[in-house]
Amino acid sequence: MANTKKKFATHVTLPSGRRVYISAKSKSELNEKVAQAKLEAGAGVDVGNDVMFESYALTWASTYKKPKLRSNSYSTLLANLNNHVIPFFRDMRVRDIKPMHIQMFLSTLSDLSQSVQKKCWQILRAIMRTAADNGIILKSPIRDDDKPAGEAPKEVEPLSCEQAKALLNALKGTRAYTFCFIALSTGLRRGEILGLMWDDVDLEKGILTVRHNKVFPANENDAPVTTLLKTEAAHRRIPMPITLRTFLEQERSRSSSPYVLSMENGSSLTKSSFRRMWSAIEVRTAREDRPLGSTVSGGREGPIKVSLDFPCHPHQLRHTCITQWVESGMKVKQAQYLAGHSTLE
């Protein structure tokens, strides 16, 4: 049976002389579309453009973000863009995205962490703002009260003094001991420890200077050691406790690598080598099938005793050190400097 439903159509002539054809299901809808088209044309919007979200979003990333971000930060941005933002808006024209679509998109992120939700929202907001700046849309469909939900991440619990001692005692003779000893004594970030070079360690004066960093891109096993630190505040000089200074003097005497923590070939640790190193902690940590006091096979090292009754992760070591500084009576501004934090918060 033929479709007899009437369709209304007309055209709007743009200032450039180009005609844009508009159709609607009713006369009133047509009048609204014509008025909107004339308003947008008068505001300099490229009425009738067919710019698709995916192509514009990728162009935005390479044009506005890539020149300004470190490679790892840019990789993280692309991962969130490709994994979360683009899949929702891929088949839409930029000019067709409405506030309702923004709310629908935010609801699809509800199961993700608050951090990921916030990053995705910031990406989408920036994309739509530049689309308005470039005349693709009249204004961004994102409203000021459009905010991502999601639970805030749990506060990191520092290790107690007893747990920190137990961790180091359990790791003696392993490469993980060096990493943990440095982190617990200086509060360095993981990337700062992986990029730490012997040239950064003044054993005579007992000063450690933070000026190198190694951050792995999301989908890469290795990355270069660079002088690009997380923030300007990350550039700092940290006095070493005498125990760490003595330990590093011993390590320096038998090291042929430029890096304090290195692989057998002298290069800095890759992502996979760091994970293998960290497994020395995991295998010593009790769990349901590995009770405290039991032993597990350790390969070249022989049997390993399960002696840790608490979980541990790299950032927790930094948090433990900073907490101990503050609890020892150190002024907060001094702790902020040594931690390399841009703000007191």
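This passage describes the fold content, one three-stranded sheet, selected buried residues and the main pocket of a predicted model.

Residues are numbered from 1 along each chain as its sequence is written, and side-chain values rest on heavy atoms, with hydrogens and water left out. Because the model is predicted, local features need pLDDT of at least 70 and side-chain atom pairs count only at pLDDT 80 or more, whereas totals for chains, interfaces and linings use all residues.

The secondary structure of the chain comes to 12 helices and 7 strands, where helices (H or I, at least four residues) and strands (E, at least two) are DSSP runs numbered from the N terminus. Of the 345 residues in the chain, 42% are buried; buried here means under 20% relative accessible area, exposed means over 50%, and partly exposed lies in between, with a 1.4 Å probe and protein chains only. Among the contacts in the chain (heavy atoms within 4.5 Å) with a separation of 6 or more, 60% come from residues 24 or more positions apart.

An open sheet of 3 strands has the order 3-4-5, and its pairing is antiparallel. Strand 3 (201-202) and strand 5 stand at the edges with a single partner strand each, so one side of each is left without a neighbour in the sheet. Two strands are taken to pair if DSSP finds at least two bridges between them. By this criterion, strand 3 and strand 4 pair in the antiparallel sense over 2 bridges, with V201 standing opposite L208 in strand 4. The hairpin formed by strand 3 and strand 4 has 4 residues between the strands, and in this hairpin G206 takes a positive phi near 70°. Strand 4 and strand 5 are joined in the antiparallel sense over 4 bridges; in strand 5, P239 is the bridge partner of I207, R237 is opposite T209, and R236 is opposite V210.

The burial of the side chains was examined along strand 4 and strand 5. Both faces of strand 4 are covered, since I207 and T209 on one side and L208 and V210 on the other are all buried. Along strand 5, by contrast, the side chains alternate: R236 and I238 point to one face and are buried, while R237 and P239 point to the other face and are not.

The loop between strand 4 (207-210) and strand 5 (236-239) contains K214, which counts as buried at 2% relative accessibility. The side chain of K214 reaches two backbone oxygens, that of L269 at 2.8 Å and that of A223 at 3.4 Å. Each is a polar contact, that is, a pair of N or O atoms within 3.5 Å in which, within protein, one must be able to donate a hydrogen and the other to accept it, and residues adjacent in sequence count only if both atoms are side-chain atoms. Not counting residues up to four places away in sequence, K214 touches G191, L194, G195, D222, A223, P224, V225, S268, L269 and T270.

A second buried position, I86, is placed in helix 3 (residues 71-89) and has a relative accessible area of 0%. With residues up to four places away in sequence again left out, I86 touches F53, E54, A57, L58 and L81. The C-alpha atoms of I86 and S55 are separated by 9.4 Å, although the two residues are 31 residues apart along the chain. Two cysteines are also buried, C120 with a relative accessible area of 0% and C321 with one of 1%. A search of the whole structure finds 0 disulfides, a disulfide being a pair of cysteine sulfur atoms within 2.5 Å.

The largest pocket has a volume of about 1,300 Å³. Of the 37 residues that line this pocket, R189, K230, H315, R318 and H341 are the closest to its centre. The elements that give two or more residues to the lining are helix 3, helix 7 (175-186), helix 8 (190-194) and helix 11 (314-327), and helix 11 gives the most, with 7 residues. On a 1 Å grid over the protein atoms alone, a pocket is an open set of points with protein on both sides within 12 Å along at least five of seven lines, and lining residues have an atom within 4 Å of a point. Grid points are joined across faces, edges and corners, and the volume is the space filled by probe spheres (1.4 Å probe) set on the points.
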